[in-house]
Amino acid sequence: MHRRGFFLGALLWPLAGWAAPRPYRLGPGSTVAFTYRLSGIASGGQIPIRDADLQLDFATVGNSRVTVTMDATGARTTLPLADTAMKGPSVLDTARFPTITYASTAMRRTETGAEVLGDLRVRDVTAPVALTARFFRKPDRAPQDLAELVIELTGGLSRAAFGATGFADLVDDRIDLRILAEITRQG
């Protein structure tokens, strides 16, 4: 869907009246997609988003902030047999830690969108994770219409950084993330 939309890129145009962050709501069914290598073969899965607080300021990107809570108990892979192992005590340990939280600490404009720096909390361990953000506008919208957007966030992390080291002989340490969600400005 976002490929047909107009890419907002670096959001270089000044936007009068956007002197403060505006709240946005995440569309229903938003999830975090992840990929990993199992015995050298690429596999993937999704984690549903439970809640999100999006405060975006396109005039001064550094004023923006994002907090997202994911439902680790709802995490699924494309290999159903791997779900139990992933949720078990040596990986996500969802019995003790049912949520995963990402909270931005800084944002900066880039040539193609924004870089989002933040703290990811998995298994009661918090570590910094950087994400690349790109924003897209629907094709029938005026350039200054930022009421409904599609956001794409990409990045990666080390499982070991969060103590999720189970099955290291089968699953690579690197996990890649891709979030694609519709957002709607509130108010």
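User: Two strands pair if DSSP finds at least two bridges between them. Which residue in β5 is the bridge partner of D51?

Analyst: The partner of D51 is T69 in β5. Six bridges hold that match-up between β4 and strand β5 (residues 65-71), and the two strands run antiparallel. Strands here are DSSP runs of E with at least two residues, helices are runs of H or I with at least four, and both are numbered from the N terminus.

User: Before I trust any of it, what sort of model is this?

Analyst: It is a predicted model in which local features need pLDDT of at least 70, side-chain atom pairs count only at pLDDT 80 or more, and totals for chains, interfaces and linings use all residues. Residues are numbered from 1 along each chain as its sequence is written, and side-chain values use heavy atoms, with hydrogens and water left out.

User: Fine. How many helices and strands are in the protein chain?

Analyst: The protein chain has one helix and eleven strands. Read from the N terminus, the order is β-β-β-β-β-β-α-β-β-β-β-β.

User: Back to β4. What else does β4 bridge to, starting with β3?

Analyst: β3 (31-38) and β4 (41-56) are joined by eight bridges and run antiparallel. Within that pair, T31 has P48 of β4 as its bridge partner. β4 also pairs with β2 in the antiparallel sense, over three bridges, with P23 standing opposite Q55 of β4. Then there is β6, which pairs with β4 in the antiparallel sense over two bridges. There, G45 has T77 in β6 as its partner.

User: And β11, which strand joins it over eleven bridges?

Analyst: That is strand β10 (residues 148-158), which pairs with β11 in the antiparallel sense. L157 stands opposite I175 of β11. Strand β2 (residues 22-26) is joined to strand β11 (residues 174-185) by three bridges, again antiparallel, and Y24 stands opposite R185 there. β3 is joined to β11 as well, by four bridges with the strands antiparallel. In that set, T35 has D176 of β11 as its bridge partner.

User: Now the odd backbone angles. Which residue in the hairpin of β3 and β4 takes a positive phi?

Analyst: S39 does, at a phi near 50°, in a hairpin with two residues between the strands. S39 is not a glycine, and it lies in the loop between β3 and β4.

User: Is S39 buried or exposed?

Analyst: S39 counts as exposed, because its relative accessibility is 52%. The cut-offs are under 20% relative accessible area for buried, over 50% for exposed and partly exposed in between, with a 1.4 Å probe and protein chains only.

User: What about R123, what is its phi?

Analyst: R123 also has a positive phi, about 60°, although it is not a glycine. R123 is found in the loop between β8 (113-122) and β9 (125-137). Its relative accessible area is 18%, so R123 is buried.

User: How much of the protein chain is buried?

Analyst: 45% of the 187 residues count as buried.

User: And the largest nonpolar core, how many residues does it have?

Analyst: It has 44 residues, and those with the most contacts inside it are Y24, M70, I100, L120 and I183. A nonpolar core is a set of buried Ala, Val, Leu, Ile, Met, Phe, Trp, Tyr and Cys residues joined through side-chain atoms within 4.5 Å.

User: Take L120. What is L120 in contact with?

Analyst: Contact means heavy atoms within 4.5 Å. Leaving aside neighbours within four places in sequence, L120 touches M70, I100, T101, Y102, V125, T126, A127, V129, L157 and F162.

User: How much of the contact in the protein chain comes from residues 24 or more positions apart?

Analyst: Such residues account for 60% of the contacts with a separation of 6 or more.

User: Last topic, the helix. Which residues of α1 are buried?

Analyst: In helix α1 (residues 80-87), D83, M86 and K87 are buried. Seen down the helix axis, the buried residues fall within an arc of 85°, so they line one face of α1. The arc is that of the directions from the helix axis to the C-beta atoms.

User: What covers that buried side, and what sits on the face turned away?

Analyst: The cover over the buried residues of α1 includes β3 and β6 (76-77). The face turned away carries the exposed residues L81 and T84.
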